[in-house]
Amino acid sequence: MAQHIVGYGSHLQLQPHTSPTFFSTTLSPSYSTFFPSLSSPPSSISILRSSPSSIPLNHEEPRLQNHDHLSFLNLQPICSEDHFDRVLAEAQLQQHALLVVWVANWCRKCIYLKPKLEKLAADYYPRLQFYSVDVNAVSHKLIARAGVTKMPTIQLWKDSKKQAEVIGGNKAYLVINEVQEMIQNEFTMTSQLSPITMRVAI
C-alpha cells in the first residue's frame, strides 16, 4: 500500500493512502535537506527532533561505500591536538594538502553538510585527505590555534599551516561550491609551483 507523508515541522509521519499506485506527498520544506539523494519518499520513515547530545558523529575508519550508485568516503576523525599534529606532519612529509572540517554535535548545518563533504572526499581521493574534528571532543587550545569560531568551518592546511577556509553559514550546495573553489585554487598553485621546484632540484 502506498504511504502518505504528512509533515509537522521537523516530524514526518506516514499514513496509509487510498491509492496503491502512487505516492502523494505533503512535505515540509526541509524534506530535500533531510533526504538529498532520494527521488521519491521511502516506504517507512520517522524523523524526530533530537537533543544535541543524541546526535551521533561518525568516528569510523575511512572507507568507500556505495550509496545510490555514488561513492562516499567517511571523514577521518581527529581526536586530540597530538593527533592533529601527527596528521599535519605526515601530510607535510608527503607534500600533500589536507582538508579539516570542524563540526559540533549540536550543529544542524554540520549534519546537513556531512554527506556532501563525504561525496566530495570520494571525488578527490586520494589526491586530498579529508578529516573532521568534533570541537566538543578536543581541547579549546586546538580550536583557538586553528582560529575556529563558527561551525561548520572547512579549512585547507598545507605545510602545517592553514592556507584557506570556508565558514559554512550558507546553504549546503553553496558551501560545497566554495570548498571546491578553495581546493581547485590549491591544486592550481601546486601545479604552477611544481616545475619551479623541479628546476631548483636539478
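This passage describes a mixed sheet, the helices that lie on it, and one buried glutamate, all in a predicted model.

A good place to start is the sheet itself. Five strands make up an open sheet, and reading across it gives the order 6-8-7-9-10, with mixed pairing. Strand 6 (76-78) and strand 10 (161-167) take the edge positions; each has a single partner strand, so one side of each is left without a neighbour in the sheet. From one strand to the next, the twist averages 30°. As a general reminder, strands of a sheet pair through backbone hydrogen bonds, in either a parallel or an antiparallel manner.

Within this sheet, strand 7 (residues 98-103) and strand 8 (residues 129-134) run parallel and are joined by six bridges. Leu 99 can serve as a landmark here, as Phe 130 in strand 8 stands opposite this residue.

Two helices can then be placed against the strands. Helix 3 (residues 108-124) packs on the sheet, where it touches strand 7, strand 8 and strand 9, and its direction makes about 155° with that of strand 8. Helix 2 (residues 81-93) lies across strand 6, strand 7, strand 8 and strand 9 (153-158), and runs at about 160° to strand 7.

Helix 2 also contains Glu 81. This residue has a relative accessible area of 18% and therefore counts as buried, the cut-off being under 20%. When residues up to four places away in sequence are not counted, Glu 81 touches Ser 139, Lys 141, Leu 142 and Arg 145.

Note on methods:
Residues numbered from 1 in each chain as written. Predicted model: local features only at pLDDT ≥ 70, side-chain atom pairs only at ≥ 80, totals over all residues. Heavy atoms only, no water. Pairing = 2+ DSSP bridges. Helix = DSSP H or I, 4+ residues; strand = E, 2+ residues; numbered from the N terminus. Axes fitted to C-alpha atoms, helices over the stretch in contact; angles between N-to-C directions. Contact = heavy atoms within 4.5 Å. Buried < 20%, exposed > 50% of the residue type's maximum accessible area, 1.4 Å probe, protein only.
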